[in-house]
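New to this one? Take a moment with the sequence and the 3D view, and then we'll walk through them together.

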Amino acid sequence: QHSTSPFCWLARAGSEPTAVRVGDKSPKVDDIESFIGGHDDTLQWCRSFMAPCDVETEQVITMADDGHTADHGYDYDLIVIGGGSGGMAASKEAAALGAKVA
């Protein structure tokens, strides 16, 4: 299988990066648990990891209470900084869900 750069791996949780160059976030070699591969391999791994499954589960996922209330007293529920494609999409989706957006 063709593997293009950059290369990706799964490292042990809590491992500290080795700074070979300024800004380098590579883990220490001993902390690498498994090698995913290059760009193509990483996309394939993400597709399999994030794929919906047909298995029923008893697990209930709930959101943590963040303290938000409808009568929060602010003028807006969401302020979007940036009018690019992401900002426009976020503001339109939030507005469609009933948020007051600026």
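What follows is a short tour, from the whole chain down to a few residues.

## The chain as a whole

First, keep in mind that this is a predicted model. The protein chain has two helices and two strands, and along the sequence they come in the order β-β-α-α.

How much of the protein chain counts as buried? Of its 102 residues, just 11% do. The protein chain exposes about 8,800 Å², with carbon and sulfur atoms supplying 57% of that area. As for contacts between residues at least 6 apart in sequence, 43% of them join residues at least 24 apart.

## The loop between the strands

Strand β1 covers 8–11 and β2 covers 32–37, and Arg-12 sits in the loop between them. Asp-31 belongs to that loop between β1 and β2 as well. Along the chain, Asp-31 and Arg-12 are 19 residues apart, yet their C-alpha atoms are 5.2 Å apart in space.

Is Asp-31 buried or exposed? Its relative accessibility is 13%, and the cut-off for buried is under 20%, so Asp-31 counts as buried. Arg-12 comes out at 39%, so it counts as partly exposed.

Who touches whom here? Leaving aside residues up to four places away in sequence, Arg-12 touches Asp-30, Asp-31 and Glu-33. With the same neighbours left out, Asp-31 touches Leu-10, Ala-11, Arg-12, Ser-15 and Glu-16. You can also look from Arg-12 to Ser-34: they are 22 residues apart along the chain, and 9.2 Å separates their C-alpha atoms.

## Helix α1 and a nonpolar patch

Now for the surface. Leu-10, Trp-45, Phe-49 and Met-50 form a nonpolar patch there, and together they have about 420 Å² of accessible area. Which element gives the most to this patch? That would be helix α1, residues 39–50, which contributes three residues.

Met-50 is one of the patch residues, and you'll find Met-50 in helix α1. Its relative accessible area is 62%, and the cut-off for exposed is over 50%, so Met-50 counts as exposed.

Leu-10, another member of the patch, has already turned up on this tour as one of the residues that Asp-31 touches.

## Helix α2 and its two faces

Helix α2 runs over residues 85–96, which makes 12 residues. From its first C-alpha to its last, α2 reaches 16 Å, close to the 16 Å expected at 1.5 Å a residue.

Which residues of α2 are buried? They are Gly-87, Ser-91 and Ala-94. These three cover an arc of only 70° around the axis, so they lie on the same side of α2. Turn to the face pointing away from that buried side, and you meet the exposed residues Ser-85, Lys-92 and Ala-96.

One last stop: just after α2 comes Gly-98, which takes a positive phi of about 100°.

Notes:
Residues numbered from 1 in each chain as written. Predicted model: local features only at pLDDT ≥ 70, side-chain atom pairs only at ≥ 80, totals over all residues. Heavy atoms only, no water. Patch = residues over 30% accessible without salt bridge, like charges linked within 9 Å, V, L, I, M, F, W, Y side chains within 5 Å. Areas by Shrake-Rupley, 256 points an atom, 1.4 Å probe, with all protein chains shown as cover. Salt bridge = Lys/Arg side-chain N within 4 Å of Asp/Glu carboxyl O. Helix = DSSP H or I, 4+ residues; strand = E, 2+ residues; numbered from the N terminus. Buried < 20%, exposed > 50% of the residue type's maximum accessible area, 1.4 Å probe, protein only. Expected span 1.5 Å × (residues − 1). Arc of directions from axis to C-beta. Contact = heavy atoms within 4.5 Å.
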